[in-house]
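Work through the two exercises below with the sequence and the structure open beside you, and try each task before you read its solution.

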Amino acid sequence: MTLKIVGQARPNTFEFENNALVKATGFREYDARWWFGHAGSQKEPELNLMGAQALGMGLGTLIRRMGVGPEIITGHDFRSYSMSIKMALVSGLMAAGAHVKDIGLALSPTAYFAQFALNAPSVAMVTASHNENGWTGVKMGAQRPLTFGPDQMTALKALVLNGDFDLVGGGGYEFVSGFRERYIEDLTAGRNIRRKPRVVVACGNGTAGAFAPQVLETIGCDVIPLDVELDYTFPHYNPNPEDMQMLHAIRDKILETGADLGLGFDGDGDRCGVVDNDGTEIFADKVGVMLARDISSLHSQCTFVVDVKSTALFMTDPVLVRNGARTDYWKTGHSYIKRRVAELNAIAGFEKSGHFFFNPPIGRGYDDGLITAIAVCEMLDRNPGRTLAELYRALPVTFGTPTMSPHCPDEVKYCVVDKVVGDFMKMKGDGTEFAGQPVADLITVNGVRVVAQDGTWGLVRASSNKPEIVVVVESPVSSERRRQMFEAIDAVLRRNPEVGAYNQTF
């Protein structure tokens, strides 16, 4: 079969119906994301169903050439178009000889679990994760519990865009019924929260609404549901626990009900956001410090991996130091942190976005928002005389920001970040003060993290999955120093006219 791969085609045309539309920028660093569109959308699509079929052909070809067995797990998140995209993907996989095991509507971690439970080496989960309605994508892997990194994504991109497919046929399809129940049973077996906390469970009307309430009820929580009904229009807010709109909704429900904590899940359930009993939104990196304290008290001399967006407390917190915990700062991105956790045999990895990774005995190495939620509840259980707010207040005080993302086109965002890195390298080389102080350190493992002498720092990097730049700032000194660092970083960014408005600030 010969497919013509095109990078642009208008809907409601002959070309759109007879060619595989696959925009090259949809191949990201460690997964794939495209604007598919929805009813009423005026933005031109970047992928059509034939394009999804071509992606399946490319993925099936890649895993065959990697020498991986033909079995592959598929599932889809709850969006109006996700099942159609999945079935187009499946047809391409089967044409390339894959044996597909379809678990149906699922969370991304449900698909990762299925790789173990159904003994399949590969996975292709159709999800746009936390992206807004209209986006689609695929999270892929061929070595459980890992997902693809840049090398595999570059290879896949070349296969698809060049139409370089091995269409050997002989593929197969099996729908695995009842897998949701099997996944929930695995999560909850042997778990029992004696404290019986009242928990606001928020799902933003995304896929997690079909999983999270039952899991938390089963382990012993008194669940207060918030936007758990499945509705792919996302009528209240986008299911993204890194966005303040979702966190504020959880806060308001906690204050209304007197709940002990709130847990929010993103669109495909691999991330978890936390709000304490006072209604304070705890950024995920601080949740990570709290969990690291708890875990390192049970497993001394353990290693943690965190992303460069995360708080400096992982290095300086006196409890972690006393417990002998070691922390490795690494590239942002679920695939990067997952791989680093495996490489270092770390007990856990934490991302500021809320992707948390737990190795045995806690998890299997992949990111699962429900395992994170259970870990938070178990941490509370081990501190029966303290509220979550008290555990949070026990951390050293720092002044951080949410993740802030000014718009920047995919085609230029990496070039913009390279320019910003160059600007900071020159400042440090020249001894130029930045944000009122000399630059003490530049960490360039992923974009640039500029550190002032007083420990105040700011990060600039390119988003791996959206047309955005990512900015995060933290100060151990004061909110004024946090503001000073942010304004100085923003001034450097504004030297580039391609950088647009922020999605949120502080």
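The exercises that follow deal with cysteines and with one sheet.

The model is predicted, so local features need pLDDT of at least 70 and side-chain atom pairs count only at pLDDT 80 or more, while totals for chains, interfaces and linings use all residues. Residues are numbered from 1 along each chain as its sequence is written, and side-chain values use heavy atoms, with hydrogens and water left out.

**Exercise 1.** Find how many disulfides the whole structure holds, and explain the result for Cys221.

*Solution.* Begin with the criterion, which is that a disulfide is a pair of cysteine sulfur atoms within 2.5 Å. A search of the whole structure finds zero disulfides. Next, take Cys221, where the closest cysteine sulfur, that of Cys377, lies 3.8 Å away, which is too far for a bond. Finally, check the surroundings: Cys221 is buried (under 20% relative accessible area, with a 1.4 Å probe and protein chains only), its value being 7%, and Cys377 is also buried, at 1%.

**Exercise 2.** Describe the open sheet that contains strand S14, and identify its edges.

*Solution.* Strands here are DSSP runs (E, at least two residues), and two of them pair if DSSP finds at least two bridges between them. Four strands form the open sheet in the order S15-S14-S16-S17, with mixed pairing. Strands S15 (326-330) and S17 (356-358) stand at the edges, because each has a single partner strand. Looking at one pair, S14 (residues 303-307) runs parallel to S15 over five bridges, and Phe304 stands opposite Thr327 in S15.

Conventions
Buried < 20%, exposed > 50% of the residue type's maximum accessible area, 1.4 Å probe, protein only.
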